[in-house]
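Hi,

Here is the structure I promised to pass on. Have a look at it first, and then read on for what turned up.

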Amino acid sequence: MNQLLRAMAIATGLLMAAGSAAQQSDDREPALKGFTCCNLHYEGDWISDANWSSQPMLPAGATIQTTGYGRYRVMVEIDGRKMWLGQDYGRQQSLGDWARKIVAGQDPRPKIASWPAAVRSAIHVGKVTLGMTKEQAIVAVGYPPLHQTPTLDAAQWKYWHTSFGSYLVVWNESGRLQDVIADPQTRYRVLHEPGK
């Protein structure tokens, strides 16, 4: 029995040391302060990198600052609200690189204001619209999760409306949003079609 307790204590110590080392390496990331790059969707205080569009939304351009790093998560304050950025799926990218994508150095709202009315309207409701550029789509619905869309040069980006309802954003040769491929209900919920 004594040996079992000793082995458990050693294993617990090793796990705590490994967790502490992981935390220390993540804490070396510099604090970031700026604006949310894009519309972010959340559940409670958790913002997943899947950015499910069916959840409540924080708008692009909200003030954001990082306050700490953990294992696959970044503690942030968004407009004074404590939240977590959760790297649930795109873990092949460093946590710091992902945080630097979300925390923009410049407020995107002046640029958004210069875009066409249909694009501004889509961004306001967190949807994509035909003819958008890749930059505009990212502002509207965030970065596509990296595990399914490893490069923004891809002809299609895969997003999720819910954990079960995915959709594809299809780009034409000039980098404009050509189509959204999804079941009819998901397509209706993610595609902004002014006048319909």
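How many cavities of 30 Å³ or more does the count come to? Just one. Bear in mind that this is a predicted model.

**The cavity**

The largest cavity holds about 150 Å³ of space. Its lining is made up of 17 residues, and Asp-49, Trp-98, Ile-102, Tyr-143 and Pro-144 are the ones nearest the centre. Strand 3 (46-48) and helix 2 (95-102) are the elements that give two or more residues to this lining, with helix 2 giving the most, three residues. By type, the lining of the largest cavity splits into nine nonpolar, six polar and two charged residues.

**The pocket**

There is also a pocket to look at: the largest one has a volume of about 280 Å³. Among the residues lining the largest pocket are Cys-37, Lys-101, Trp-115, Ile-138 and Tyr-143. Helix 5 (residues 134-141) supplies the largest share of that lining, three residues. Here the split is seven nonpolar, one polar and four charged.

Lys-111 and Glu-135 are part of the pocket lining too, and these two form a salt bridge, with their closest N and O atoms 2.9 Å apart. The pair links distant parts of the chain, since Lys-111 sits in helix 3 (residues 109-114) and Glu-135 in helix 5, 24 residues apart. Both count as partly exposed: Lys-111 has a relative accessible area of 43%, and Glu-135 has 40%.

**Other salt bridges**

The count of salt bridges comes to five. One of them joins Arg-100 to Asp-97, with 2.7 Å between the closest N and O atoms. Both residues belong to helix 2 and lie three residues apart, about one turn of the helix. Arg-187 and Asp-179 also meet through their side chains, at 2.9 Å from N to O. Glu-29, Asp-97 and Arg-100 are joined into one network by salt bridges that share partners.

**The sheet**

Six strands make an open sheet with mixed pairing, in the order 3-7-6-5-1-8. Strand 3 and strand 8 (103-104) are at the edges with a single partner strand each, so one side of each has no neighbour in the sheet. Further in, strand 5 (residues 63-70) runs antiparallel to strand 6 (residues 73-78), and six bridges pair them. If you want a spot to zoom in on, find Gln-65, whose bridge partner in strand 6 is Glu-77.

Over to you!

How values were computed. Residues numbered from 1 in each chain as written. Predicted model: local features only at pLDDT ≥ 70, side-chain atom pairs only at ≥ 80, totals over all residues. Heavy atoms only, no water. 1 Å grid on protein atoms, 1.4 Å probe; cavity = no way out; pocket = protein on both sides within 12 Å on 5 of 7 lines; lining within 4 Å. Points joined across faces, edges and corners; volume = space filled by probe spheres on them. Helix = DSSP H or I, 4+ residues; strand = E, 2+ residues; numbered from the N terminus. Nonpolar A, V, L, I, M, F, W, Y, C, P; charged D, E, K, R; others polar. Pairing = 2+ DSSP bridges. Salt bridge = Lys/Arg side-chain N within 4 Å of Asp/Glu carboxyl O. Buried < 20%, exposed > 50% of the residue type's maximum accessible area, 1.4 Å probe, protein only.
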